[in-house]
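Me: I would like to go through this model and ask what each label rests on. Please set the values against the cut-offs where a step needs them.

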Amino acid sequence: MTNITINVNGKEHNLDIKADEMLADVLRNRLGLTGTKISCGEAECGACTVLVDGAPILSCNYPAVKAQGKLVTTIEGLAKDDELHPLQEAFIKQGAVQCGFCTPGQIMTAAALLNEIPEPTDADIEYALNDTLCRCGTYPMITKAIHAAADKINRGSDIEYPSFDFGGGYQVVGQVVPRPEARQKVTGEAIYTDDISFPGMLFGAALRAGIPHGIVKELDIHKALALPGVQAVLTAADIPGRVNHGLIIQDWPALVGVGEKVRYVGDAVAVVAAETWEIARQALELIDLEIEPLPVVTNAVDAKKTDSPLVHESGNLLKHIKVDKGDIKKGFEESEVIFEDTFFTPHYEHAFMEPECSIARPLDNGKIEVYVGSQISYEDRSQVAAALDVPLEKVRVRGPLIGGGFGGKEDIAGQIHAALLARATGKPVKILYDRHESMLVHPKRHATQINVKLGLKKDGTLVAAQTELYGDTGAYASLGAKVMGRATTHSTGPYIIPNVKIDCYAMYTNNPPAGAFRGFGAFQAAFAIECLMDRVAEELEIDPIELRRKNALRQGSITNTGQQLRESVGLLECIEKTAQAVEEITAGEDPFTSRIVPGEPNKRRAWGFAVTFKNTGLGEGAPDNASAEIELLEDGRVETRISSAEIGQGLVTVLQMITAEELNLPLDQVRVYLSDTDLTPDGGPTTASRQTYIAGNAVKFAARTLRESMLATLAEKYNLPPDQIGIEGGKAQVNGEEVSFAEVGSLMREEGRIPKLVYDYKSPPTTPLGEPGDKHFAYSFAAQAIEVEVDLETGEVRVIRAVGATDVGKAINPLGLQGQAEGGLIMGIGHALTEEFIVEEGQVFTDHLSRYRMPSIQHVPEEIRVIIVEDPTKEGPYGGKGVGEISTMPVPPAIVNAVHNACGVRLNRIPIDQDWLASQLQAKGS
Amino acid sequence: MLARPGLPEFEYIRAGSSQDVFDLLKEKGADLKLMLGGTDLFVQMRDRAQGPGILLDVKGLPGMQEIDYRQRSGLTIGAAVTLNQLSTDLDLKEKYPVLCQAADTVGNYQLRNRATLGGNICNASPSADMAPAALVYEGEAVLESPRGERSLALEQFWLGPGSTALEGDEYLKAIHFPPPPPGARGSYLKLGRSRMGDLAIVGVAVLGYPDKSVPAGLRFRIGLNSTAPTPYRIPAVEEFLTREPLTEDLISLAGEMAMEISSPIEDVRATELYQKKMVRNLTVKVLKETWESLR
């Protein structure tokens, strides 16, 4: 132990610490300053940035003993009294806060920058914030916020909200408003799961297989149990209820027992709870584990071969998904030209900034509370209850804030383990993954191989499309069948094609499981079809935009699954608006022709184009419902409750806006409470771009019903027809008098009506594949044009400009929408250029953030134009539909097509490999 | 397997004098690791790649954080000078600009507030970003031991990946650079991987200066990283470029020679052939730029 004195945010602390305690740990665990976040623990991401004697350092990697005698400033020390630092204010107003987990690090780094350079240029900002990572991709808004803060500091200029040329139309809906939780996120007050602790809390950890396929021969926990400080060591035999979990098929053991099979390196075989995290770790090292290895299967195509090792006894095929429309044979016979190619996409890692954390806490009444940042809290409840073999009401799942999800927080992570350990010890147990464990364990994006064959008339009219898809769902099903189902139906693009045949195979392998990830199969499908469409355009000598326009789905079109699109098909408008914007930028030059960069003889630039579509909601026959509760509180404020998750996308804002709109209330009179299975009704999974639509409608109708009930009460009381009662600004107008909401509430209570109700919203029905009817109740559409620069010598590719239009039905929350659109674009750039989750023979190579490069501020294009098309749906709230996923999808094919236009090399796989591209360019040149 | 190995327990000692260092090195030897910024060290320790029981922080030793420039004897950079300190030092920017340029390419801004020149040199990573620049300024490692002080040219200091000529009783005190030749110009160019992290695939530093004693009238020093077990100079190419007045063709030939000499290892990030070609391309590019700036 070393005694140190440090001054943190103006307050002196004298502490006895161990040498291996990092400053971030001391700030968080000893001083309770949980605003400083730990995301990677390896000095890669910048989330833990604090100032030491004014200089920004990465506190996860800075031994606290070194801070002896120094001044430490954390995010909590930035605001003076109650007044926010200009950076904090600017981050809120400019929308530079999404999930919020990286926000403290961004702001602290920016604060150091402004101290050094009061008037930074974009280049200064890029230099200082390089590798202070934001997975939501908020970089453009962060840059704007830093400029706005500098303006305020240097000149006293007010920080304004940005304005957009979309949205509007209502009092609240469509207006630019701040996130309700943004203030907490910029001050460090925001609470994520790991920020919570309880007296006597234990620390849990899991022993992982480390071998991708094998049989557990020996598992001896005696030595671990004997270690002082260890309170429980559990194996499969200790699970009282269902051993397996899984969202659709329960095939994933929470713990693999002796004699059972491990199917990927991340499989857990034992869990430990101990008084400290260090003891838990030591205990794991004392467990004797012997696994007899079995041969592994590591890709979906091999998995389908008859001689492949079997991952599950039932076979490696999770699902064969088929689509048939028209007559494929006749279609190709009638075609004048046929094109075919095979495309490959790798596994991708969500790399949400907040690693998984679960806390389970036994209550005196026999209940277990589980705190977890989950995208599906009700599903967690069922799965935890099944594992514990207790009724559902004995489990309460509560969701603190979530530092990003992108689909990666839908499956079980530590929830069941923590609950088992809490049950065994009778104490609260926290399980926190570090980045390494997170990367190893949770489901990834499916790696795919997609063959596309297109038959067309010479004028470019599509006649037939046949696709064959293989998806690697890894060791366990997760949402694999659904993901590959979406890949299937999106694999022929947003086009009118009379004859279609699709076969898709979702295959088990010994890779980490694959599940939901922004774009959900449709991402992979979009890459394949859009790359081939570009080749078609080139070889048929048709403008690539014209080819899409000609075949684009429009109102009245029949999709490949036989669904007639009756409304809200904004694809043509997206195409036109994107084309216009590109034309404006290129001033009449052909954007798709290669240009030499002036002064850079080895560099070429050109644009590329792609279109896409994405379903809103679960679809294909799955009931898609949400229930919302609304209550008029005694103080006159209104609280909206639903279990849906805020993962950075802005759902709290959207639901607050809708409530305020329907009740004519000021925004600050509406509270939104999410993710609590005891207190919030089931909003369904936060997936499939569905929450704004489904939860939005549930809240809209709940608010309307409350309003009617309030009017009815007043009508009775004042003996007036309800339509003569107005509601405005949080007050009712009756006979020229104002009655506050609080008074209306007490009137209702006096009459024995509790001003609280639940509305169960059921979305329009859909039907399974192969049956007539709608497969989905809405689709969003997008067109994307991207300009790249290719270095002919090194093969490096850089995105210069991006122009994209998305049909969202209605822009309900413009500031959040802009963030989603820009962030989705940046994630798409990462997928195309920098990211690849590499697994070799079942072993994860990319098990550190330093090996998995997500886009940084350097990857932001010089110019981004976000165009929003609002072709409303009849059913969605105010005409809205989904937007969370689509912005990423058209980006990789647009980039790959642009690379071809710039340098003549066609790629059929992402990410673009600079090495391979350079070799192709050299071969071409010589 | 432990998905989360975590930091092993260790003792942290801050050395107050060189005598402290000598005593502890003698007493604890194998279980002790000298530490400067510690930016790489803790990451490695978390992965259990390093597991010393004692970390001896030598950052606070006298002179370790000083930059000392004298016109006659040149530049001495204390081993614990941080890279951000280095890249903003005005003397350095004027006299040794390639060092400043290289410093800016390391990690990120926050990291460079702690990462040190000495640490970058002592890690002996083949891809050390500071190495090519340090080589073209003919840097020497200044080593201190109970036996006294000795200087070793960096080429002799690096023995292989992660391995140096540092004796068991020694520590790196400073890096010394002689005054650069009059009229010297140069630059460092780094090619990273768009995929997977920002380690250099190839880094090339060139320093050129007028020299009337050779037919070319110019001399070039060329330092490379990432493409051999240690960072290296290519004297054969440097000599070749002195033989006759420089032309673009000669520069191209020099690039080819550099490519031949380089010996990169193929890994998941880049093929051997690509790395070799990039040695050629980058060498040609930096040579041309440097030649331009000398004309």
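Me: What covers the buried residues of H2(B)?
Reply: This is a predicted model. The cover over the buried residues of H2(B) includes strand S2 (32-35), strand S3 (54-57) and helix H6 (109-112), which belong to chain B.

Me: What makes helix H2 of chain B count as mostly covered?
Reply: Helix H2 runs over residues 39-46, and six of its eight residues are buried. Buried is the word for a relative accessible area under 20%. The residues of H2(B) that meet this are B:Thr39, B:Leu41, B:Phe42, B:Val43, B:Met45 and B:Arg46.

Me: Which residue just after H2(B) takes a positive phi?
Reply: That is B:Arg48, with a phi of about 65°.

Me: Why is A:Ile529 called buried?
Reply: Its relative accessibility is 2%, and the cut-off for buried is under 20%. A:Ile529 therefore counts as buried.

Me: Where is A:Ile529 found, and which residues does it touch?
Reply: A:Ile529 is in helix H15 of chain A, residues 522-539. Leaving out residues up to four places away in sequence, A:Ile529 touches A:Val452, A:Leu454, A:His490, A:Ser491, A:Thr492, A:Gly493 and A:Tyr495. A touch here needs heavy atoms within 4.5 Å. As for A:Asp807, it is 278 residues from A:Ile529 in sequence, with 20 Å between the two C-alpha atoms.

Me: How do you know that chain A agrees with a compact globule?
Reply: For 926 residues, a compact globule would have a radius of gyration near 29 Å; the value for chain A is 28 Å, so the two agree. The C-alpha trace of chain A spans about 80 × 75 × 60 Å along its principal axes, and 66% of its residues count as buried. Of the contacts in chain A with a separation of 6 or more, 78% are between residues 24 or more positions apart. Chain A holds 23 helices and 36 strands.

Me: Why is chain B called as compact as a globular protein of its length?
Reply: Start with its elements: chain B has twelve helices and 14 strands. The globule rule gives 19 Å for 295 residues, and the radius of gyration of chain B is 20 Å, close to that value, so chain B is as compact as a globular protein of that length. Its C-alpha trace spans about 60 × 50 × 30 Å along the principal axes. Buried residues account for 58% of chain B. Among its contacts with a separation of 6 or more, 62% come from residues 24 or more positions apart.

Me: How many residues does each chain give to the contact, and what area is buried there?
Reply: Chain A gives 63 residues and chain B gives 54 residues. The buried area between chain A and chain B is about 5000 Å², with 50% from carbon and sulfur atoms. On the chain A side, A:Lys66, A:Tyr127 and A:Asp915 lose the most area to chain B, together 12% of what that side buries.

Me: How far apart are the mean positions of the positive and negative charges of chain A?
Reply: They are 3 Å apart, taken over 87 positive and 127 negative charges. In chain B, the mean positions of 33 positive and 38 negative charges are 3 Å apart.

Terms used:
Residues numbered from 1 in each chain as written. Chains lettered and ligands numbered in written order. Predicted model: local features only at pLDDT ≥ 70, side-chain atom pairs only at ≥ 80, totals over all residues. Heavy atoms only, no water. Helix = DSSP H or I, 4+ residues; strand = E, 2+ residues; numbered from the N terminus. Rg over C-alpha atoms; globule rule 2.2 N^0.38 Å. Buried < 20%, exposed > 50% of the residue type's maximum accessible area, 1.4 Å probe, protein only. Lys, Arg positive; Asp, Glu negative; His and termini not counted. Charge placed at Lys NZ, Arg CZ, Asp CG, Glu CD. Buried area = accessible area lost by both parts, 1.4 Å probe.
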